[in-house]
Amino acid sequence: MSYNWNALAQHRAATESRPILSLFDGNGRAAEYSVRLGNLLFDYSKTNIDATARGLLLDLAQEAEIEARRDAMFAGAKINETEGRAVLHTALRNLDGALMVDGADIMPEIRTTLARMDAFAEDVRNGVMLGQGGPITDVVNIGIGGSDLGPAMAAIALSPYSDGPRLHFVSNVDGAQITETLAGLNPATTLVIVASKTFTTIETMTNAETARRWMAETVSDPAAQFCAVSTSAERTAAFGIPPERVFGFADWVGGRYSMWGPVGLALMLGIGPSNFRRFLAGGAAMDTHFREAPLNANMPVLLALVGLWHHQVCGHGSRAVLPYDQRLSRLPAYLQQLEMESNGKRVSMDGQDLTRVSGPVVWGEPGTNGQHAFYQLIHQGTAVVPCEFILGAKGHEPDLAHHQTLLVANCLAQSEALLRGRTLEEARAMMAAAGLQGAELDRQARHRVFPGNRPSTTLIYPQLTPEVLGQIIALYEHRVFVEGVILGINSFDQWGVELGKELANALKPVLEGHATTEGKDGSTTQLVEYVRGA
Ligand code: F6P
């Protein structure tokens, strides 16, 4: 273990019981423990990080050579070592100039594909590309994981900018989802996007076949209303989708980092090419900041260091992402894949067992709904859950400004409550004012104590625009990168999803009665028999 981890552990032990509130005593802490990029403000002052802790955390970042690793990523080095791939989703949003990978400039193809997406989106949106029953009214994106979560999250986030066909997303192999999605749609005016980096994912291919059969019942040429997003031109051709409606990308775009390119096609169809480019510009602005700002004023670096402080040093096993912006309702799900598929690893880059825990578990729901569900645990449960509040100062509903004021008040109140808590004395005074006395007063007061001193951060922006969404997503991507580098893991592979896929493929014939349960454990055998008998 490096000197810095030990020093951080010692510092934590020495300061654990110190009230975070005491750090605010007249020292300009809020400004000092915040970082801005344009109008985006990340405030991490409501944590127990002080100058010593921050210094040690920054030393960790230096020791891990974050800047050199970052520059290697942006330059196209093959930092995804277990798959032998570069990691260049950033090239999808930094569109100028040249970038060499394996001796060839990758930028012309990125620009050409984006221009093809633009033209296709305009044709669909303007009724130039017609369905077999008229202009396209609905788009169904069939994909899963990184081929679904990004555009699905962003379609909701940017709905005020949506003036194209209605967007629908089908991901689950559970037939319920595709049945309910297609039920209300007219096949003759629906465009289906099959989005799959590999074009082999069983859930996506099964849903795509089902959608094609549904389409074929009504239109004479179903393939004409399909397009594909994939790295495999061979497989999209085998599925029957002609090359002019295939939007390709390279293997150096990881699935969960792919919404900036062709995987974002559904989003582009909804909000239009110029708004999509605004989203890309937001991501590019965060990239520039990440590359140029010193570590101690670098938003992704500081977000990562706060994350490591809470998880690695303080030992808090989860983090809650709490958007006070209903349109970010799918952001927690998106971040679950981004963070947990990237950094949920058990060995370091060189294959050795990690000496530190990895993770943490990421979860959340939009405020204020969460307040009426799980915030009880956040305020009074025995486990501490660091909270990441995400707040838009202004909504998109000028007539409902009073709703927005209440929303903002609730967000600020929650982080204040977590910070301050309520002491036993205060609770006793409340109970006394309510007329209670003696043992009953004491008993009731104890239930009303809030320990406080619970850490939170707040990311605040003026309004959820395409640029701001781009900034937020790129911020979290780089946070994952920084945490991964400091932990010494490969954030860009996902071998942990493979075993379940293999076993599911092997179980299908067992469930269909074409193979036996021989070699299966007793529980799996019992469950198979239950299903077979149902
Ligand atoms: O199973 C995990 C995963 O490989 C994710 O990493 C990926 O985003 C998802 O499946 C979908 O993969 P594809 O885009 O190849 O269908």
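Reader: By class, which residues make up the lining of the second largest pocket?

Author: In this predicted model, that lining has six nonpolar, nine polar and four charged residues.

Reader: What makes G395, E397 and L407, among the residues nearest the centre of that pocket, fall into one class or another?

Author: Class follows residue type: Gly counts as polar, Glu as charged and Leu as nonpolar. G395 is therefore polar, E397 charged and L407 nonpolar. The pocket holds about 420 Å³ of space, and helix α15 (residues 401-420) gives the largest share of its lining, four residues.

Reader: Where does the ligand sit?

Author: The space taken by the ligand is the largest pocket, with a volume of about 1,100 Å³. Of the 41 residues lining the largest pocket, those closest to its centre include T198, T201 and K501. Helix α19 (498-511) gives the most to this lining, with eight residues.

Reader: Why is the pair between S147 and the ligand called a polar contact?

Author: The cut-off for a pair of N or O atoms is 3.5 Å. A polar side-chain atom of S147 lies 2.6 Å from an oxygen atom of the ligand, so the pair qualifies. The corresponding distance is 2.5 Å for T201 and 2.8 Å for E341, so these pairs qualify too.

Reader: How much of the ligand does the protein bury?

Author: Taken alone, the ligand exposes 390 Å², and the protein buries 88% of that. The ligand is surrounded by 14 residues: two nonpolar, nine polar and three charged.

How values were computed
Residues numbered from 1 in each chain as written. Predicted model: local features only at pLDDT ≥ 70, side-chain atom pairs only at ≥ 80, totals over all residues. Heavy atoms only, no water. Near = heavy atom within 4 Å. Polar contact = N/O pair within 3.5 Å; in protein donor to acceptor, adjacent residues only side chain to side chain. Areas by Shrake-Rupley, 256 points an atom, 1.4 Å probe, with all protein chains shown as cover. 1 Å grid on protein atoms, 1.4 Å probe; cavity = no way out; pocket = protein on both sides within 12 Å on 5 of 7 lines; lining within 4 Å. Sits in = over half its atoms within 2 Å of the grid points. Points joined across faces, edges and corners; volume = space filled by probe spheres on them. Helix = DSSP H or I, 4+ residues; strand = E, 2+ residues; numbered from the N terminus.
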